[in-house]
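User: I have a model open and would like to understand the labels attached to it. Could you take me through the reasoning behind them?

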Amino acid sequence: MDAATIAINQRMNAFDGHAQVWLFGYGSLIYKADFPYLERRPASIAGWTRRFWQGSHDHRGTPMAPGRVATIVPQAGAVCDGMAYLITPEVFAHLDHREKNGYLRLATDISFDDGSSTQGLVYVANEENAAFLGAASELDIARQIARSNGPSGPNSEYVLHLASALRELGKSDPHVFAIEQHLARLQTHAQNDAATSGGT
């Protein structure tokens with residue numbers, strides 16, 4: 001699956017010949033830009049909403065115990081806030097590997113906070129990819145995230161970093177913030193249980 005996803009992305013030719021391309025990030029790309037970029041600007045895309053419906057077998061979980069990370073799904077009237085990066089085509093080799101677990105490049109219109117817009121790219125993990133976990137209650141998502149760890153660290157860190165980054169942008173996301181709140185309660189319960197069992 002990894003190699004196939006990378007190969008499909010490498011065949012995308014919508015921006016062939018472009019010296020620079022805008023990339024829209026809505027998950028870890030907002031707070032973890034481990035690639036060179038020419039410019040970085042808060043931005044949004046319309047018609048999509050952020051959801052923790054994608055499984056992570058390689059970063060925030062394992063093949064046997066996948067975590068959950070963000071993807072975007074179509075929703076009429078929705079607006080997904082994030083961060084856009086102006087990059088050169090050479091960066092895609094790194095990004096295709098980073099997003100190899102089910103994410104495909106998709107051309108999209110990107111809107112900036114000053115009212116301007118441009119066409120760029122976004123990585124989307126849709127329901128057809130093998131790692132897609134699909135919808136669940138925000139509590140159940142939080143429970144899965146709370147117990148998941150991978151090579152990039154605890155799955156909960158991903159949620160907390162994303163929620164913090166959205167607040168820094170002055171943006172709200174009820175789905176992300178609800179999962180964050182459930183995680184905080186689960187952690188408190190776990191700490192209380194540990195304190196109780198440690199005292200007996």
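Analyst: Happy to; this is a predicted model, and we can go label by label.

User: Let's start with Gln-54. Why is Gln-54 called buried or exposed, whichever it is?

Analyst: Gln-54 has 0% relative accessibility. Buried means under 20%, so Gln-54 counts as buried. You will find Gln-54 in strand β2, which spans residues 39–56.

User: What makes the link between the side chains of Gln-54 and Asn-129 a polar contact?

Analyst: The two side chains are joined at 3.0 Å. The cut-off for such a pair of N or O atoms is within 3.5 Å, so the Gln-54 and Asn-129 pair qualifies as a polar contact. Asn-129 is also one of the residues that Gln-54 touches, leaving aside those up to four places away in sequence; others include Gly-67, Tyr-103 and Phe-132.

User: On to the rings. Why is the pair of Phe-35 and Tyr-37 called edge-to-face?

Analyst: Their centres lie 6.2 Å apart, and the planes make an angle of 65 degrees. Rings pair when their centres are within 6.5 Å, and planes over 60 degrees apart count as edge-to-face. Both conditions hold, so the name fits Phe-35 and Tyr-37.

User: How do you know which of Phe-35 and Tyr-37 is buried and which is partly exposed?

Analyst: Phe-35 has a relative accessible area of 6%, and buried means under 20%, so Phe-35 is buried. Tyr-37 is at 37%; partly exposed covers values between that limit and 50%, so Tyr-37 is partly exposed.

User: What makes the pair of Tyr-37 and Tyr-85 edge-to-face?

Analyst: The ring centres of Tyr-37 and Tyr-85 are 5.1 Å apart and the planes are at 65 degrees, so this pair is edge-to-face. The pair links distant parts of the chain, with Tyr-37 in the loop between α2 and β2 and Tyr-85 in strand β3, 48 residues apart. At 0% relative accessibility, Tyr-85 counts as buried.

User: Last one: how is the lining of the second largest pocket divided by class?

Analyst: That lining has 6 nonpolar, 2 polar and 1 charged residues. Among the lining residues are Ala-146, Leu-160, Ser-156 and Glu-180. Ala and Leu count as nonpolar and Glu as charged, so Ala-146 and Leu-160 fall in the nonpolar class and Glu-180 in the charged class. Helix α6 gives the largest share of this lining, 6 residues, and the pocket holds about 200 Å³ of space.

Key. Residues are numbered from 1 along each chain as its sequence is written. This is a predicted model: local features need pLDDT of at least 70, side-chain atom pairs count only at pLDDT 80 or more; totals for chains, interfaces and linings use all residues. Side-chain values use heavy atoms; hydrogens and water are left out. Helices (H or I, at least four residues) and strands (E, at least two) are DSSP runs, numbered from the N terminus. Buried means under 20% relative accessible area, exposed over 50%, partly exposed in between (1.4 Å probe, protein chains only). A polar contact is a pair of N or O atoms within 3.5 Å; within protein, one must be able to donate a hydrogen and the other to accept it, and residues adjacent in sequence count only if both atoms are side-chain atoms. Contact means heavy atoms within 4.5 Å. On a 1 Å grid over the protein atoms alone, a cavity is a set of points where a 1.4 Å probe fits but cannot get out, and a pocket is an open set with protein on both sides within 12 Å along at least five of seven lines; lining residues have an atom within 4 Å of a point. Grid points are joined across faces, edges and corners, and a volume is the space filled by probe spheres set on the points. Rings of Phe, Tyr and Trp (its six-membered ring) pair if their centres lie within 6.5 Å; planes under 30 degrees apart count as stacked, over 60 as edge-to-face and the rest as tilted.
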